[in-house]
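Thank you for making time this morning. I would like to walk you through one structure, slowly enough that nobody needs to have met it before.

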Amino acid sequence: MTDRKIAFLGTGLMGAPMARRLLAAGFAVTVWNRDRSKADALAADGATVAATAVEAAKGATVLFTMLTNAGAVSEVLFGSGVAEALEPGAVVVDNSSIPPPLARENAAKLAERGVHHIDAPVSGGVVGAAAGTLAIMAGGDAEVIDSVRDVLAPLGRVTRVGPSGAGQLAKLGNQQIVAVTIGAIAEAMLLVEAGGGSPEAFRAAIRGGFAESRILELHGQRMIERNFIPGGTSRNQLKDLDAVLAAAQSLSLHLPLTEAVRAEFAEFVEQGGGESDHSGLLQYLEDKNARGKT
């Protein structure tokens, strides 16, 4: 394993535990982050800390990016000179969540330099990143993905979804399911409570049935506890739904459930709920129904 030289760009909430997993697996990892203090924190785990993204990229055979958005990915790869610093045959694994067309564009630009690209967004949150149980949705050439499976293994389970951009589409699909399911659970709890039932007992009653899901387990519990401190913010959920609908439009698809849930999140965010956890949609629906009765 140690013959691979890995660069990891972006060591924030998700990137730092992912880099630690790679270090613990015995890989040589050079890290960089715009806020250097977040990269310096990994030195104790054995990481080499680079002063610039280009310095981290030099000599890397596999380069990870876990950055905020598409603009940050483009700036780091092509604005700062990282693409030029990579040698032909290197593999860029972009774990950031960005629009599928931009993932394909990045892949094409890198291919011109002989550098391979995999769009590989993840699901599982900080807990999954630390435990090495992330769901990694990969788009790109099958042989390239196979060539880095040993590097991805400490991070979680990788599945090739299709060609370049398909990983990002899969992540959008994941976020779409999360949002629609949160909406369905919130409305069901509202219905049960309005009729005199206990939301907590309702959730317990349906656990293990066909409605069972990770969302019911975690976000359903958040709704019962009224704990809307953000794990995932409603603002980011809205951003994801906007990206889903943009992708659907480009593919001439009509997604009525997603459109309906997106409209509710948009109003929730507009009314000040942007920094609330996305399970806080329950509060918005409660308030909306209360207003409707006055």
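I will begin with the strands at the start of the chain, move on to a few loop residues, and finish with some salt bridges.

Before anything else, please keep in mind that what you see is a predicted model.

Let us start with strand 1, which covers residues 5–9, and strand 2, which covers residues 28–32; the two run parallel and are joined by 5 bridges. If you want a place to find this pairing on the screen, look for Lys5, which stands opposite Ala28 in strand 2. Between these two strands comes helix 1, residues 15–24, and strand 1, helix 1 and strand 2 together make a right-handed β-α-β unit. Strand 2 is also joined to strand 3, residues 48–49, by 2 bridges, and this pair again runs parallel, with Thr30 standing opposite Thr48 in strand 3. Is strand 2, then, mostly covered or mostly open? It is mostly covered, since 4 of the 5 residues in strand 2 are buried.

Staying in this region for a moment, I would point out Thr11, which lies in the loop that leads from strand 1 to helix 1. Thr11 is buried, with a relative accessible area of 2%, and a polar atom of its side chain lies 3.4 Å from the backbone oxygen of Lys38.

Now to the loops further along the chain, where the backbone deserves a careful look. Most residues other than glycine have a negative phi. Which residues have a positive phi although they are not glycine? Arg226 is one of them, with a phi of about 60°, and Ser252 is another, also at about 60°. Arg226 sits in the loop between helix 12, residues 214–225, and helix 13, and it is partly exposed, at 41% relative accessible area. Ser252 belongs to the loop between helix 13 and helix 14, and Ser252 is exposed, with a value of 71%.

That loop between helix 13 and helix 14 also holds His254, which is exposed at 59% and whose side chain makes a polar contact of 3.1 Å with the side chain of Glu259. Leu251 is found in this loop as well, and together with Leu169 and Leu253 it makes a nonpolar surface patch of about 270 Å².

Finally, the salt bridges, of which the count comes to 13; I will show three. In helix 6, residues 100–111, Lys109 and Glu105 lie 4 residues apart, about one turn of the helix, and their closest N and O atoms are 3.4 Å apart. Both partners are partly exposed, Lys109 at 36% and Glu105 at 38%.

In helix 12, Arg214 and Glu217 are 3 residues apart, again about one turn, and their side chains meet at 3.0 Å, N to O. Here Arg214 is exposed at 55%, whereas Glu217, at 29%, counts as partly exposed.

The last salt bridge joins Arg235 and Glu275, with the closest N and O atoms 2.8 Å apart. Arg235 lies in helix 13 and Glu275 in the loop between helix 14 and helix 15, so this pair ties together parts that are 40 residues apart in sequence. Arg235 is partly exposed at 43%, and Glu275 is partly exposed at 48%.

Methods: Residues numbered from 1 in each chain as written. Predicted model: local features only at pLDDT ≥ 70, side-chain atom pairs only at ≥ 80, totals over all residues. Heavy atoms only, no water. Buried < 20%, exposed > 50% of the residue type's maximum accessible area, 1.4 Å probe, protein only. Pairing = 2+ DSSP bridges. Right-handed = clockwise from strand over helix to strand, strands pointing away. Patch = residues over 30% accessible without salt bridge, like charges linked within 9 Å, V, L, I, M, F, W, Y side chains within 5 Å. Areas by Shrake-Rupley, 256 points an atom, 1.4 Å probe, with all protein chains shown as cover. Salt bridge = Lys/Arg side-chain N within 4 Å of Asp/Glu carboxyl O. Polar contact = N/O pair within 3.5 Å; in protein donor to acceptor, adjacent residues only side chain to side chain.
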